[in-house]
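Let's take a relaxed walk through a protein model and see what its rings and strands are up to. Have a look at the picture before reading on.

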Amino acid sequence: MKRLTKLTIISILAASAVTQAKTKTLLFCKDISQPDLKSLTLQENSSIQQPGLLELIEEHKDGSTKELYAMENDFTEGWIPMSPSEGTSRVLIRKEGKWTVAQNKGEYRIFNEATCVK
């Protein structure tokens, strides 16, 4: 019985620590023309101690998520590095007021649409 009580207390403490981190979504993207991605979320996270560092969460179509980081200046300038796809680097860029995913394929740069809202 004591063991159950200790586990319960640990669970309550862990849950409260998780809920204390506050986030603010800066950009949410869906309908991304990428075979592996379902959505992207760029957000401020109060648990990140480095000033100007933002959290980029990639939600993949297989249900997995990947957490990356970007600088606030990257967001302001419209250039956010993403995880690679099949060994090819990807960047979320603001082009003509809209966000797109840019990839280098050999000598070509390919732009894929994404529906993003601030």
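Keep in mind that this is a predicted model. A good place to start is a charge and a ring: Lys-95 places its charged end over the ring of Phe-111, 3.7 Å from the ring's centre.

Next up, rings that pair with each other. To describe two aromatic rings, you give the distance of the centres and the angle of the planes. This structure has 1 aromatic pair. Its members are Phe-75 and Trp-99, with ring centres 6.0 Å apart and planes at 10°, so the pair counts as stacked. Phe-75 belongs to helix H2 (residues 72-77) and Trp-99 to strand E7 (residues 98-105), so the pair ties together parts 24 residues apart in sequence.

Are these two residues buried or exposed? Here's how they come out:

| Residue | Relative accessible area | Status |
|---|---|---|
| Phe-75 | 13% | buried |
| Trp-99 | 6% | buried |

The cut-off behind that label is simple: buried means under 20% relative accessible area.

Now for the strands. Strands of a sheet pair through backbone hydrogen bonds, and they can be parallel or antiparallel. Here, 5 strands make an open sheet in the order E4-E3-E2-E1-E9, with antiparallel pairing. At the edges you'll find strand E4 (65-71) and strand E9 (115-117), each pairing on one side only. On average, neighbouring strands of this sheet are turned by 25° against each other, direction ignored.

Zoom in on one edge: strand E1 (residues 23-30) and E9 run antiparallel and are joined by 3 bridges. Phe-28, for instance, has Val-117 in E9 as its bridge partner.

Note on methods. Residues numbered from 1 in each chain as written. Predicted model: local features only at pLDDT ≥ 70, side-chain atom pairs only at ≥ 80, totals over all residues. Heavy atoms only, no water. Phe/Tyr/Trp six-rings, centres within 6.5 Å; stacked < 30°, edge-to-face > 60°. Helix = DSSP H or I, 4+ residues; strand = E, 2+ residues; numbered from the N terminus. Buried < 20%, exposed > 50% of the residue type's maximum accessible area, 1.4 Å probe, protein only. Lys NZ or Arg CZ within 6 Å of the ring centre and 35° of its normal. Pairing = 2+ DSSP bridges. Axes fitted to C-alpha atoms, helices over the stretch in contact; angles between N-to-C directions.
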